Amino acid sequence: NRFQVRRILVLAPKKVAEGTWSKEAAKWDHTCMLRVAPVLGSQAKRIRALNTPADLYIINRENVVWLVDYYRNAWPFDMVIVDESSSFKSHSAKRFKALASVGTKIERLVELTGTPSPNGLDDLWSQVYLLDGGERLGKRYTQFRERYFQPDKRGADGMVYSYEAKPGSEESILDRISDICISMKAEDYLTLPECVSVDVPVVLDSKAVKAYTTMEREMLLEVAEDTITADTAAVLTNKLLQLAGGAVYNAEHEAQVIHSCKIEAFLELVESLAGKSALVFYGFQHEKERILAALVKKHKNLRVRVFSGPQDEDDWNAGQIDILLAHPASTAYGLNLQQGGNHVIWFSPTWSLELYQQANKRLHRQGQTERVIIHRLLVDGSVDHDVVAALEGKADTQEALMESIKARIEQVRKEN
């Protein structure tokens with residue numbers, strides 16, 4: 001109302017851009033008069049939306065590069081809001097470089113995130129650079145790293161694979177950005193119900209134990225412990241997580257079913273909820289397919305849906321869905337699902353602390369009236385427990401992942 005900005009651009013995750021911003025704008029007295037134009041869909045639809053008179057233009061972050069290229073030197077937005085700015089944390093990503101290239105044309109930039117540094121302090125550089133053009137943490141990422149970090153892990157060839165913060169770095173970095181950043185914890189401003197985690201042990205039967213241990217041993221013995229890299233550790237861990245879930249992709253990318261113990265535990269858990277709705281996070285496509293097939297067979301009366309867009313969000317909150325299946329990467333940010341239930345089920349845990357925390361916050365947020373219960377299905381003795389330990393320790397994901405694999409390889413070799 002002070003006419004300090006005239007044309008605002010919101011960059012958001014796709015699902016959030018599709019529904020959340022428009023719905024929230026219409027809810028509040030001071031924003032309901034704003035003209036909102038979602039810039040989504042095909043290129044023709046996006047261009048049409050950009051040419052529609054509006055106050056607020058909302059586009060998904062995947063189209064930032066296209067948008068900057070479309071306007072070139074005629075950038076029209078004097079204010080930009082980056083919703084979930086941690087998705088711009090990589091200094092080498094195209095989306096970061098595109099937005100940084102129009103930084104001088106943006107008069108006001110606001111970044112919002114619940115996880116500003118999910119993998120460590122080095123995630124902050126890119127986000128702060130977008131705010132101040134490098135004034136506080138340096139014009140280049142390499143300068144920033146040299147000043148605040150030191151080599152940590154090295155390979156056999158001497159190459160540095162990871163860095164750790166120097167003593168006092170965190171205090172120094174936070175002090176330098178304190179004039180343009182503010183941290184607000186929900187518990188300091190909102191009274192939210194309790195949020196508790198309940199681990200559901202999954203015990204494999206003798207046949208499943210034999211199949212699991214055989215396949216795990218074969219996978220682990222193929223890799224030399226001293227040559228483990230972050231990439232090989234990630235591939236191996238993904239296979240072991242699939243294995244714990246009951247199936248694994250073969251060379252033809254077909255799901256090879258090993259056991260159904262976790263599926264059975266999941267069905268029992270759903271039954272124990274006694275009609276309560278549950279938001280279920282799966283890690284792999286074959287898990288989604290196997291869960292759907294099992295629910296159709298065992299619980300035909302349940303209203304089951306896979307999250308695909310704003311309509312599912314509305315139907316969930318209206319109490320029209322009993323089981324809502326979702327991948328954490330597609331629903332972790334910005335969605336308001338707190339009115340539809342208070343139970344979260346993790347079929348497979350995720351290594352990403354950011355995704356884990358954000359996904360749980362879909363239910364544990366303002367407007368939730370019941371205690372939120374997070375159920376985690378964990379196979380005894382499997383990599384599931386390594387993942388949860390890393391999440392709870394808030395450890396460096398990459399390091400925890402590599403240490404987990406090395407420990408398992410060592411254990412298998414001792415048993416041999």
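I will talk about one sheet and about the helix that lies across its strands.

A word on the source before that: this is a predicted model, in which local features need pLDDT of at least 70 and side-chain atom pairs count only at pLDDT 80 or more, while totals for chains, interfaces and linings use all residues. Residues are numbered from 1 along each chain as its sequence is written, and side-chain values use heavy atoms, with hydrogens and water left out.

The sheet is open and has 5 strands in the order β2-β3-β1-β4-β5, with parallel pairing; strands here are DSSP runs of E of at least two residues, helices are runs of H or I of at least four, both numbered from the N terminus, and two strands pair if DSSP finds at least two bridges between them. At the edges stand β2 (36-39) and β5 (108-112), each with a single partner strand, so one side of each has no neighbour in the sheet. β2 pairs with β3 (residues 56-60) in the parallel sense over 4 bridges, and Val36 has Leu56 as its bridge partner in β3.

Helix α1 lies across β1 (8-12), β2, β3, β4 (79-83) and β5, running at about 155° to β3, where axes are lines fitted to C-alpha atoms, for helices over the stretch in contact, and angles run from 0 to 180 degrees between N-to-C directions.

The axes of α1 (residues 14-27) and α13 (residues 310-317) come within 8 Å and cross at roughly 60°. In contact, meaning heavy atoms within 4.5 Å, Glu18, Gly19, Thr20 and Lys23 of α1 meet Pro310, Glu313 and Asp314 of α13.
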